[in-house]
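Please open the model in your viewer and keep the selection tool at hand. Each stop below suggests what to select and then says what is there.

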Amino acid sequence: MKGRKMQKIWILAVLAVALVLIIAGSVMVARVVSDHQRLILAVQDQQLANLVDSMDSNIRNIIYRCRTGMRFVISRQSFRQAEGTWLETGSTQDLLYRLEESLTYQDSIITAILALDGDSVVLSTDGCTDYTFLSGGDSGDLRPCLGPDGAACLAFCSPGNAERVSYAALIDLDVFYRQVVGNKLAETEWVLLLDSQGQILLHYQQNQVLADQVDMVSGATCGQTGVEILTDCQMREHPCTTSYEYTDNLTGQTYTARMIVVPSGQSSNQCFAVGVVTNFDKVMDPLQAAGVRLMLYGFLVLAGVFLLIGMVLLVSLRNERSARELKLLQEKNAAMEELTRQTQELAHHQRLETIGTLTSSIAHEFNNLLTPIMGYSIMTLEQLPPESEELQDNILEIYNASRKAKEIISRLSDLSRKNNSLTNQSIDPNELVCQVLEVALPAKPLGVEIRRELGAQGFRILGNKTTLSQLVLNLVLNGFQAMEDGGILTVSTSGAAGKILLQVRDTGPGIPPEALPHIFEPFFTTKESGKGTGLGLAIAAQVAEEHGAEITVDSTASGCVFSVLFPAETGNPPDEG
């Protein structure tokens, strides 16, 4: 009974959670749809604003082109003369010719150029002078006018070279509208252009561009309300973005239109107010339908979630048990890997120790064999008669070869011998360098100059003086051998921050790049056969390692620098001053 009661409590709790989730999900979906609607509205407004900016830029470019063209035509000397002839004699033939041959008249957007005396048209390139300007304006204005058939026109007026004389370029409004709008509009967008005086409206209706007087517009594609909003914004000289209900006269459908207007005073072209209208419902209807579908899909998903809850609980219990087992296996695996690593390291150290012991034993045996060879060679050489020169040379070669073999065996013994910490002592690096250079002086080639730069006063190294001397000597001899034709060998010391830097620099040809990674390996040498054992730098590297130092090499075409960085002896800070 108690188990069933707990089961019922669990069921009620799950149902309560489900109800809360359904209500919360509905509220969240509604909020998401609302936020998305605001986002879509902002994006749509931004798109309309971008369209307005683009068309404003197009209008500005067209006006600039007309203004520049008219000014150029009027300022030409030949045009001035033709204008003077007209004013003096009344003959318009030369003036008409100058207007017709101008580049402005050849522009596809210009239908005719008029010559005006005040507001009266006295000359026209199309032969018609029956044009009526609706209102006055300052020189250079875009002025509305009516053609012979009463059709609305726009003319760009420029002052002439004489008083009261001006010229007007009539704009082909159909070409003008299409150049401004281009192919940037979607099927749900329309554009209205209103001149700066608020008299002529350009709009697109039933696949044609219309130019109407504002007070005579019977209706535009965006509706009479859209025209009123455009006119009101132009009068108040204030940009606006608004929505209004529009009923299509052809289909009878009513929808929400979204409109953005920039009056001429706020635009860069200063001649036209630009209004762009779009059918906002075609944008929002799919979003609302998507919101409804989203709620339905959410309910289906929620139902599936509750079906999965039971399975998830069971799986989670199994996963928890599996996770514990996996963790235990990982710990055991890590322990096995650590044991394997330690075993491999121990085996490696044992191999190295065996190799060292074997090398030491072999060196001892070879010494035992080489000593009598060298001794008997000397004895035999002393007993040979003076006339046996060829035999003497042969015996001498045996002795020299034995001596070189004994030197290699000696260096092998040094390489395998471990430094005894009992022999360590406090060593002055400057004094050590001086002693080594005195010992190495007999081996210096004739053309080599030795320089000392000793700056480690007060610093000391704790180490084996014999092996450290061997390290410095090997580096110095290596520099000598690199400068057989002469050069400068610089040995320097310096100390700072608990470190002592020893450098041996030569001006030889340097080390080939491909040989640099191998120079500290035993038996590796770049010298000719018979001129080096390849153990000098290997022994230097071993001595540096035994003293906790770091040895590096830097080689260029102008020389080579070996640097050894020792830890300074603690407890004995250098003297200051």
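The tour that follows moves through a predicted model, one selection at a time.

**First stop: the largest nonpolar core**

Begin by selecting Tyr167, Phe176, Leu193, Phe272 and Val276, which are the residues that touch the most other members of the largest nonpolar core, a set of 46 residues. If you then add helix α1, residues 2-75, you will have the element that gives this core its largest share, namely twelve residues. Apart from this core there is another one, made of 38 residues, and Leu468, Leu471, Ala540 and Val564 are among them. As background to both selections, nonpolar side chains in soluble globular proteins tend to be buried together.

**Second stop: aromatic pairs**

How many aromatic pairs are there? The count comes to three, and two of them are visited here. Select Phe79 and Tyr167, whose rings form an edge-to-face pair with 5.1 Å from centre to centre and 70 degrees between the planes. This pair links distant parts of the chain, since Phe79 belongs to helix α2 (residues 77-89) and Tyr167 to strand β6 (residues 165-171), 88 residues apart. Both Phe79 and Tyr167 are buried.

Move next to Phe520 and Phe562, where the ring centres are 6.3 Å apart and the planes stand at 80 degrees, so this pair too is edge-to-face. Here again distant parts of the chain are linked, with Phe520 in the loop between β17 (499-506) and α11 (536-546), and Phe562 in strand β19 (residues 559-567), 42 residues apart. Are these two rings buried or exposed? Phe520 has a relative accessible area of 23% and is therefore partly exposed, whereas Phe562, with a relative accessible area of 1%, is buried.

**Third stop: Asp45**

Return to helix α1 and select Asp45, which lies in it. Asp45 has a relative accessible area of 18%, and because buried means under 20%, this residue counts as buried. Once its neighbours within four places in sequence are left aside, Asp45 is in contact with Thr241, Arg258 and Ile260.

**Fourth stop: Leu173**

Select Leu173 in helix α5, residues 173-181, where a relative accessibility of 8% makes it buried. Not counting residues up to four places away in sequence, Leu173 touches Ala152, Cys153, Leu154, Leu202, Val209 and Ala211. One of these, Leu202, is 29 residues from Leu173 along the chain, and the C-alpha atoms of the two are separated by 7.6 Å.

**Fifth stop: the cavity**

There is one cavity of 30 Å³ or more, and the largest cavity holds about 60 Å³ of space. To find its surroundings, select Pro429, Leu432, Val433, Ile461, Leu468, Leu471, Val472, Ile500, Leu502 and Phe566, which line it. At least two residues of this lining come from each of α9 (429-440), α10 (465-482) and β17. The lining consists of ten nonpolar residues, with no polar and no charged ones.

**Last stop: helix α11**

Finish with α11, in which nine of the eleven residues are buried, so that the helix is largely enclosed by the rest of the structure. The buried residues of α11 are Gly536, Leu537, Ala538, Ile539, Ala540, Ala541, Gln542, Val543 and Ala544. After α11 comes Gly548, where you can check that phi is positive, near 70 degrees.

Terms used: Residues numbered from 1 in each chain as written. Heavy atoms only, no water. Core = buried A, V, L, I, M, F, W, Y, C linked by side-chain atoms within 4.5 Å. Buried < 20%, exposed > 50% of the residue type's maximum accessible area, 1.4 Å probe, protein only. Helix = DSSP H or I, 4+ residues; strand = E, 2+ residues; numbered from the N terminus. Phe/Tyr/Trp six-rings, centres within 6.5 Å; stacked < 30°, edge-to-face > 60°. Contact = heavy atoms within 4.5 Å. 1 Å grid on protein atoms, 1.4 Å probe; cavity = no way out; pocket = protein on both sides within 12 Å on 5 of 7 lines; lining within 4 Å. Points joined across faces, edges and corners; volume = space filled by probe spheres on them. Nonpolar A, V, L, I, M, F, W, Y, C, P; charged D, E, K, R; others polar.
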